[in-house]
Amino acid sequence: VILVVLDVLGHLPDRIRGMQAALRAAYPGYVQVLRHDDGETDWVVQRYVDGTEVVETVLIANAHTHASPDCIGVYGPDSYTTGRNPAYMDYVDSRVVEVVGMAIANLQPAKVRFNNYYVPDYLGYPLITDRREPIVLDHTMGVMQLANSGTDAVICTLVNYSGYPEMMGILENTQITADFPGVMDQSLEAYFGGVSIWVTRVIGGFTMSYYDVNFNGLRDDDSYPPNNFLNTFPGMTAYGELIADVAKEALVGVPYQGSPDLTLKTSVINLPLENPLYKLLLGEAEYVVPGFPGTLWAFLADVIGLTSVFEPTPSFALDHEGQGALGATRKIEMPVTVISFGSAMFTTTPSQLFPELWTGTSPADLLAN
C-alpha cells in the first residue's frame, strides 16, 4: 500500500487517477491492480464507468493547506479563469512518482505501533474549534509509527488530526508554505528520525486550529485582545510545535506490534451531483431553470465560454445513466477504501469530512438523509 500526502489545497479526481496510473506504469512490481471475487463467475478488476481500472493500493490525499499553489483552480485571476498552472501541475505529478520511487528503494522490514489519543486542552482551551454549527469536535489524534524490526530506528511517524492548515491566511498570503503541518514534520523528524507525515482528519465544518481564531482562546469577538500571531510565521511555528508535542505524548509507552496483518478493500461509490449552479456550468440550464430563463442562460453561457470551466468529461462527471445525456442524474465516482493494519483501521472519504458525520452526533434529520 502506497500512501501519498501532498502539501496543497487539493486535487480533482481525474488528476489523482492520473497520478495512480503513472505510478502503476513506473513501478509495476509494486503498484498492482487487485482482483476481486464477484461471487458469481470469476475474479474481476474494479473499473470506473469509462473502463479505467481502479488502482486501489495507491492512496493520494492532500493536506489542504491554503498557502500553496492552486491545484484545483478556485483562485484564478477572475471568476472565469482557472488558477491552475499546467507546468506546476505536471511538476507535482512528476515529484509524486519520484518520491514513491525513493520510498520503494528504501523498503525495510518494520514493526508498527498505533494510538488513538485524546488531545488535552491547552491553557484551558481545546486545540481546535468548529466555526460552523452544529459545533462538533473530534478531539482524537491518531498516531502511527513504523520502526525497523532489527535496529528499532524510526522509519515513519504519521499524524492524523483535525484542523485546517490555513494559519498563514488565504487570500492575503502570497508566500508558499506547508503551513503548520510542515513545522510539525520538521519537529518530529528531528526528535524521532525518519519521515513525518501529516494526514488531515475531519475539517468539513470548519474545524479550525487554535491559533487561527485567537491564541488567548477560541473566540474572535471584542472581549478578547487581537491575535497578534494570526497569519504569521511565529504563530504557525508555535502551533506546529504544539501539535508535534502532542504526537510525542501520544506515543509514550505504546508497544510495537510485529508482523501485523494487512487487508485492503475498496468500493467505488457514486455521489449524486445536486448543486444547481454546477448543473448550470455543465450546460444543463434548461433542466435546472425551465423555460425561457434556462434557454437564455444556456445561450449566454455558451457565448462567454462559461461552460468550458466545467466541461462534462468522463473523468469528472461520470454518470451510470448515460454520460453526456442532458437532464440525466449526474454522479461523481469516488473510491472509498478501508485498510486494516494490525490493530488499526483506516478509512478514506471523498473531500472534506464533517466532524458530525464522523462522530455520529449529527442532528437526527441530517443523519436520516
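In the predicted model, the largest nonpolar core comprises 27 residues, and those with the most contacts inside it are Leu 127, Met 141, Val 159, Tyr 161, Trp 198, Tyr 239 and Ile 243. At least two residues of this core are supplied by each of strand 7 (140-148), strand 8 (154-161), helix 3 (179-192) and helix 5 (233-251). Among the contributing elements, helix 5 gives the most, with nine residues. A second core, separate from the largest one, contains 18 residues, including Ile 2, Cys 71, Met 89 and Ile 104. In soluble globular proteins, nonpolar side chains tend to be buried together.

Two of the elements that supply the largest core, helix 3 and helix 5, also pack against each other, at an angle of about 45° and with their axes 7 Å apart. With an angle between 35 and 65 degrees counting as oblique, helix 3 and helix 5 are therefore oblique to each other, and helix 3 passes helix 5 in a right-handed crossing. Within helix 3 is found Gly 182, a residue that is buried, its relative accessible area of 17% falling under the 20% limit for that class. The C-alpha atoms of Gly 182 and Ile 197 are 8.9 Å apart in space, the two residues being 15 residues apart in sequence.

A further pair of packed helices is formed by helix 1 (residues 13-26) and helix 2, which meet at an angle of about 40° with their axes 10 Å apart. These two helices are therefore likewise oblique to each other, and helix 1 passes helix 2 in a right-handed crossing. Glu 98 lies in helix 2 and counts as partly exposed, at 40% relative accessibility. Although Glu 98 and Leu 23 are 75 residues apart along the chain, their C-alpha atoms are separated by 9.3 Å.

Aromatic contacts were examined next. A search of the whole structure finds seven aromatic pairs. One of these joins Tyr 88 and Tyr 91 in a tilted arrangement, with 6.0 Å from centre to centre and 40° between the planes. Both tyrosines belong to helix 2 (residues 86-105), and because they are three residues apart in that helix, they are separated by about one helical turn. Tyr 88 is partly exposed, with a relative accessible area of 25%, and Tyr 91 is also assigned to the partly exposed class, at 45% relative accessibility.

Phe 114 and Phe 346 form an aromatic pair that is edge-to-face, with a centre-to-centre distance of 6.4 Å and 65° between the planes. This pair links distant parts of the chain, as Phe 114 is in strand 5 (residues 110-118) and Phe 346 is in strand 14 (residues 344-347), 232 residues apart. The two partners fall into separate accessibility classes: Phe 114 is buried, with a relative accessible area of 15%, whereas Phe 346 is partly exposed, with a relative accessible area of 29%. Ring pairs also bring in Phe 341, so that Phe 114, Phe 341 and Phe 346 are linked into a cluster.

Basic side chains are also placed over aromatic rings in the model. Arg 17 lies over the face of Tyr 48, at 3.6 Å from the ring centre, and Lys 111 lies over the face of Tyr 256, at 5.0 Å from the ring centre.

The backbone was also considered with respect to phi. Most residues other than glycine have a negative phi, and most peptide bonds are trans. Asp 152 has a phi near 70°, a positive value in a residue other than glycine. Its place is in the loop between strand 7 and strand 8, which are two of the elements that each supply at least two residues of the largest core. Asp 152 itself is partly exposed, with a relative accessible area of 46%. A positive phi is likewise found at Ser 259, near 50° and again in a residue other than glycine. Ser 259 lies in the loop between strand 11 (257-258) and strand 12 (262-272), and at 68% relative accessibility this serine counts as exposed.

Methods
Residues are numbered from 1 along each chain as its sequence is written. This is a predicted model: local features need pLDDT of at least 70, side-chain atom pairs count only at pLDDT 80 or more; totals for chains, interfaces and linings use all residues. Side-chain values use heavy atoms; hydrogens and water are left out. A nonpolar core is a set of buried Ala, Val, Leu, Ile, Met, Phe, Trp, Tyr and Cys residues joined through side-chain atoms within 4.5 Å. Buried means under 20% relative accessible area, exposed over 50%, partly exposed in between (1.4 Å probe, protein chains only). Helices (H or I, at least four residues) and strands (E, at least two) are DSSP runs, numbered from the N terminus. Rings of Phe, Tyr and Trp (its six-membered ring) pair if their centres lie within 6.5 Å; planes under 30 degrees apart count as stacked, over 60 as edge-to-face and the rest as tilted. A charge sits over a ring if NZ of Lys or CZ of Arg is within 6 Å of the ring centre and within 35 degrees of the ring normal. Axes are lines fitted to C-alpha atoms, for helices over the stretch in contact, and angles run from 0 to 180 degrees between N-to-C directions. Angles under 35 degrees count as roughly parallel, over 145 as roughly antiparallel, 65 to 115 as roughly perpendicular and the rest as oblique. A crossing is left-handed if the near helix is turned anticlockwise from the far one by less than a right angle, and right-handed if clockwise.
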